[in-house]
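Biologist: I would like a close look at a single part of this model. Please take it slowly, as for a first-year student.

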Amino acid sequence: MQTPLAAGSGVDWSEVHAVRLLGVALAALFLLWAIRRMFGGKK
């Protein structure tokens, strides 16, 4: 699934998806950490 904007610029879409997945994973980890901190993570 290519957007017309980036179709001709030689973008490596597998790399783009890998970076996006990495960002999502980091965001999920950060959210888990923040939620555990909010709900009394004094263990």
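Biologist: Is Leu29 buried or exposed, and what is its relative accessible area?

Modeller: This is a predicted model, and what follows should be read with that in mind. Leu29 is exposed, because its relative accessible area is 53% and the cut-off for exposed is over 50%. The residue sits in helix α1. On the surface, Leu29 belongs to a nonpolar patch together with Leu22, Leu26 and Leu32. The accessible area of these four leucines together is about 420 Å².

The helix around Leu29 comes next. Helix α1 covers residues 13-38, and the protein chain has one helix and zero strands. The 26 residues of α1 should span 38 Å at 1.5 Å a residue, and the end C-alpha atoms are 37 Å apart, so the expected and the computed span agree. Cover is scarce along α1: zero of its 26 residues are buried. Across the protein chain, which has 43 residues, buried residues make up 2%. The chain exposes about 4,300 Å², and 70% of that area is supplied by carbon and sulfur atoms. After α1 comes Gly40, which has a positive phi, near 60 degrees.

A database record also bears on this part. In an unreviewed entry, UniProt lists residues 18-35 as "transmembrane region". In the model, that stretch is 100% helix and 0% strand. The C-alpha atoms at the two ends of residues 18-35 are 26 Å apart.

Helix α1 also carries an aromatic pair, and the structure holds one such pair. The partners are Phe30 and Trp33, with ring centres 5.7 Å apart and planes at 35 degrees, so the pair counts as tilted. The reasoning rests on two cut-offs: planes under 30 degrees apart would be stacked, and planes over 60 degrees apart would be edge-to-face. Phe30 and Trp33 are three residues apart in α1, which is about one turn of the helix. Phe30 has a relative accessible area of 53% and is therefore exposed. Trp33 has a relative accessible area of 47%, so Trp33 is partly exposed.

To return to the residue you asked about, Leu29 is an exposed residue in helix α1, and it contributes to the nonpolar patch on the surface.

Terms used:
Residues are numbered from 1 along each chain as its sequence is written. This is a predicted model: local features need pLDDT of at least 70, side-chain atom pairs count only at pLDDT 80 or more; totals for chains, interfaces and linings use all residues. Side-chain values use heavy atoms; hydrogens and water are left out. UniProt positions are given in the numbering used here, feature names are shortened, and annotations may be inferred rather than shown by experiment. Helices (H or I, at least four residues) and strands (E, at least two) are DSSP runs, numbered from the N terminus. Rings of Phe, Tyr and Trp (its six-membered ring) pair if their centres lie within 6.5 Å; planes under 30 degrees apart count as stacked, over 60 as edge-to-face and the rest as tilted. Buried means under 20% relative accessible area, exposed over 50%, partly exposed in between (1.4 Å probe, protein chains only). Patches are made of residues with over 30% relative accessible area and no salt bridge: like charges are joined within 9 Å, nonpolar side chains (Val, Leu, Ile, Met, Phe, Trp, Tyr) within 5 Å. Accessible areas come from the Shrake-Rupley method with a 1.4 Å probe; for residues, only the protein chains shown count as cover. A salt bridge is a side-chain nitrogen of Lys or Arg within 4 Å of a carboxyl oxygen of Asp or Glu. The expected span of a helix is 1.5 Å times one less than its number of residues.
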